[in-house]
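Thank you all for coming; I would like to spend a few minutes on one helix and the sheet beside it. Please have a look at the model first.

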Amino acid sequence: MRFEDLTSPEIGALDRDKTVLLLPIGSVEQHGNHMPLGTDTMLAEGLCLAAAEQLAPNILVLPSPWYGYSPHHMRFPGSITLRPDTLRALVADIVGSLVRHGFRRIVIVNGHGGNANLVGVMATSLGEDYYGKARIAGLTYFHLAAAEIAQLRKSEKGGTGHACEFETAMMQHLRPGLVRLDRAASIYPETGTPYLSTDLVEGSRVSTYLDFADLSPTGTFGDPSLASPEQGERFFAACTDVLVRFLEDFARWPVAGGSKI
Ligand SMILES: [Zn+2]
């Protein structure tokens with residue numbers, strides 16, 4: 001299931017019409033006092049692998065480039081950010097290489113809110129670059145599964161934002177040894193306007209720069225005290241299910257130009 005585990009001849013033998021490639025992207029950035037810097041990439045990759053397991057054999061997960069667009073976390077130690085153009089160039093070079101090898105279906109699976117707008121730009125601009133040759137899609141998994149997360153969450157508005165009820169539970173399920181819940185602090189940030197929300201399910205209706213350190217002393221947005229491994233298992237299963245259903249549909253999308261989609 002992992003692209004990098006295969007040999008070059010094995011990649012060469014894959015059916016170009018059927019194979020879907022997933023590129024997980026996330027971030028290396030602060031996740032409060034209680035979760036690791038790699039949380040977003042670990043979760044995106046974990047979901048890709050879980051979905052690929054269900055959809056085998058016509059799906060592979062690419063190695064993640066790990067870093068994302070995280071300037072809003074830079075006041076916290078350990079955070080690393082790419083410039084927007086660097087991330088776009090990095091993903092464009094990866095996708096371009098895959099298209100040169102004849103792959104036609106590539107999905108960018110994003111796990112970091114700060115990348116979301118760029119993922120939209122990358123998917124549409126790369127889709128135009130390779131129009132008629134390859135179908136490129138991009139998604140942010142917690143936006144794709146927003147309705148399911150809203151059903152499962154226990155917290156009120158503001159409780160699922162960053163290193164929150166949702167992400168903490170997901171990591172308690174996927175990488176429990178990396179979560180230090182005793183160090184977690186719950187914070188419901190106030191933006192002071194109804195147009196800007198820190199809730200990842202609700203989202204903001206307007207874009208602007210929000211520096212996390214201005215809104216939360218620990219970098220947490222939300223309520224990790226409501227997280228549990230059981231809740232994480234439910235969130236993870238729901239997100240996997242939503243991703244699998246999308247990928248089943250995506251596998252049928254036409255690649256040739258001139259079609260409706
Ligand atoms: Zn995160």
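I will take the helix first and then turn to the sheet.

What you see is a predicted model, in which local features need pLDDT of at least 70 and side-chain atom pairs count only at pLDDT 80 or more, while totals for chains, interfaces and linings use all residues. Residues are numbered from 1 along each chain as its sequence is written.

Helices (H or I, at least four residues) and strands (E, at least two) are DSSP runs, numbered from the N terminus. Helix α3 comprises the 17 residues 84-100, and its end C-alpha atoms lie 24 Å apart, in agreement with the 24 Å expected at 1.5 Å a residue, where the expected span is 1.5 Å times one less than the number of residues.

In α3, L87, V91, I94, V95 and L98 are buried, that is, 20 or more other C-beta atoms, placed from the backbone, lie within 10 Å of their own, whereas 12 or fewer would make a residue exposed and anything in between partly exposed. On the other side of α3, D85, A89, D93, S97 and R100 are exposed.

The buried residues of α3 pack against β1 (20-25), β3 (105-110), α4 (116-129) and β4 (135-140), a contact being two C-beta atoms, placed from the backbone, within 7 Å.

As for the sheet, four strands form an open sheet in the order β2-β1-β3-β4, with parallel pairing, which requires at least two DSSP bridges between two strands. Because β2 (59-61) and β4 stand at the edges with a single partner strand each, one side of each is left without a neighbour in the sheet. β3 and β4 pair over six bridges in the parallel sense, and I106 stands opposite I136 in β4.
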